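Trainee: I have not looked at this structure before. Could we go through it by question and answer?

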Amino acid sequence: MKNHIRRTSAFAALGVAAALSLTACAGDDSGKDTAGKGSVPPASSQPTDPAKASPSPSGGTADKGKTQTAKPSSVSTTSGSSGDSAPQGGQNVQPCKTQNLTVEAKNASPDASTGTIDITMTNRGTTTCSATGFAGIGITDQDNTTNPIERGKAEPRITDLKPGEAAIFNLSYEIDNSANSLTRPTGIQVTPPNQTSHVNVKWPAGAGNIKGFYTDVKVYPTHNK
């Protein structure tokens, strides 16, 4: 009888030990499964509404379904630029070429003491050109020397020439009525404004003698005839 009780107690002890062993194994398997799959956040922490997503770096809400196009900024225009005060004539007009001009000189002295020579340049080309500015002038003496003439104090004005139109400018000096003039002019060398080649014309008949030297003669800018 006593042996039966002992065997029963031994079996009970073995059963308790086996149960404890199984519980320990179950704990080890749970730890391995968690480490392999990683932790999953609670469902309540994940956003479910796309409209409540985090803002994009540009400051707007990210929207993968639409393409945003930047609107061009408006540009205001302001009148009164520096070009508004510039003369409107003469723009985009090429200078008159020497070969397209006919040049004539004539005496235009208003009286016996004031020497004036008018020089006319006529556009014989087929397009409008500009004769604006000062012509280069040299007066040829009977000794075949050419003497450059200085500019008078005057501002050039726009002088555009259509085909057939003419520009005029003049030489001015004081007439020597003593017959003792130091100059003996025979011709005038004319270089049109903004050109390098020249035209030679004769000193006009009837023009008075120059008082002083060629440096006392002045040339003035062109203007429309």
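Trainee: Is Lys211 buried, partly exposed or exposed?
Mentor: The model is a predicted one, and the class follows from the computed relative accessible area. Buried means under 20% and exposed means over 50%. Lys211 has a relative accessible area of 41%, so the residue counts as partly exposed.

Trainee: Which residue forms a salt bridge with Lys211?
Mentor: Side chains of opposite charge can pair when their charged atoms come close. For Lys211, the closest N and O atoms of the pair are 3.5 Å apart. The partner has a relative accessible area of 45% and is partly exposed. That partner is Glu174.

Trainee: How many residues apart in sequence are the parts that this pair ties together?
Mentor: Lys211 lies in the loop between strand S10 (199-202) and S11. Glu174 belongs to strand S8, so the pair ties together parts whose separation in sequence is 37 residues.

Trainee: How many salt bridges does a search of the whole structure find?
Mentor: One is the pair of Lys211 and Glu174. The side chains of Lys218 and Glu150 also meet in a salt bridge, at 4.0 Å from N to O. The search of the whole structure gives a total of two.

Trainee: Which strands hold Lys218 and Glu150?
Mentor: Lys218 is partly exposed at 23% relative accessibility, and Glu150 is partly exposed at 46%. The two residues are 68 residues apart, so their pair links distant parts of the chain. Lys218 is in strand S11, and Glu150 is in strand S6 (residues 150-151).

Trainee: What is the distance from Asp176 to the nearest side chain of opposite charge?
Mentor: Asp176 is found in the loop between S8 and S9. Asp176 is buried yet has no salt bridge. A salt bridge needs the nitrogen and oxygen atoms within 4 Å. The nearest side chain of opposite charge is that of Lys211, at 6.3 Å.

Trainee: Which residue has its backbone nitrogen 3.5 Å from a polar atom of the Asp176 side chain?
Mentor: Leaving aside neighbours within four places in sequence, Asp176 is in contact with Asn209, Ile210 and Lys211, among others. Another residue on that list is Ser181. The backbone nitrogen at 3.5 Å belongs to Ser181.

Trainee: What is the order of the elements from the N terminus on?
Mentor: The protein chain has one helix and 12 strands. The helix stands at the N-terminal end of the order, with the strands after it. Written out, the order is α-β-β-β-β-β-β-β-β-β-β-β-β.

Trainee: How many bridges pair S1 with S2?
Mentor: S1 covers residues 101-107 and S2 covers residues 114-123. They form a hairpin with six residues between them, and Glu104 has Thr120 in S2 as its bridge partner. The pairing is antiparallel, and the number of bridges is seven.

Trainee: How many bridges pair S2 with S8?
Mentor: The two strands run in the antiparallel sense. Within this pairing, the bridge partner of Met121 is Ala167 in S8. The number of bridges between S2 and S8 is nine.

Trainee: In S11, which residue is the bridge partner of Ser172?
Mentor: S8 is also joined to S11 (residues 218-219) by two bridges, and these strands run antiparallel. S8 pairs with strand S12 (residues 223-224) over two bridges too, where Ile168 stands opposite His223. For Ser172, the partner in S11 is Lys218.

Trainee: Which element gives the largest share of the largest nonpolar core?
Mentor: This core has 27 residues, of which Ile119, Ile137, Ile188 and Val190 touch the most other members. The elements that give two or more residues are S1, S2, S4, S8 and S9. The largest share is four residues, and the element is S8.

Trainee: Where is Asn194, a residue with positive phi?
Mentor: Phi of Asn194 is near 65°, although the residue is not a glycine. Asn194 has a relative accessible area of 60%, so the residue counts as exposed. Its place is in the loop between S9 and S10.

Definitions and conventions. Residues are numbered from 1 along each chain as its sequence is written. This is a predicted model: local features need pLDDT of at least 70, side-chain atom pairs count only at pLDDT 80 or more; totals for chains, interfaces and linings use all residues. Side-chain values use heavy atoms; hydrogens and water are left out. Two strands pair if DSSP finds at least two bridges between them. A nonpolar core is a set of buried Ala, Val, Leu, Ile, Met, Phe, Trp, Tyr and Cys residues joined through side-chain atoms within 4.5 Å. Buried means under 20% relative accessible area, exposed over 50%, partly exposed in between (1.4 Å probe, protein chains only). Lys and Arg count as positive and Asp and Glu as negative; His and the chain ends are not counted. A polar contact is a pair of N or O atoms within 3.5 Å; within protein, one must be able to donate a hydrogen and the other to accept it, and residues adjacent in sequence count only if both atoms are side-chain atoms. Contact means heavy atoms within 4.5 Å.
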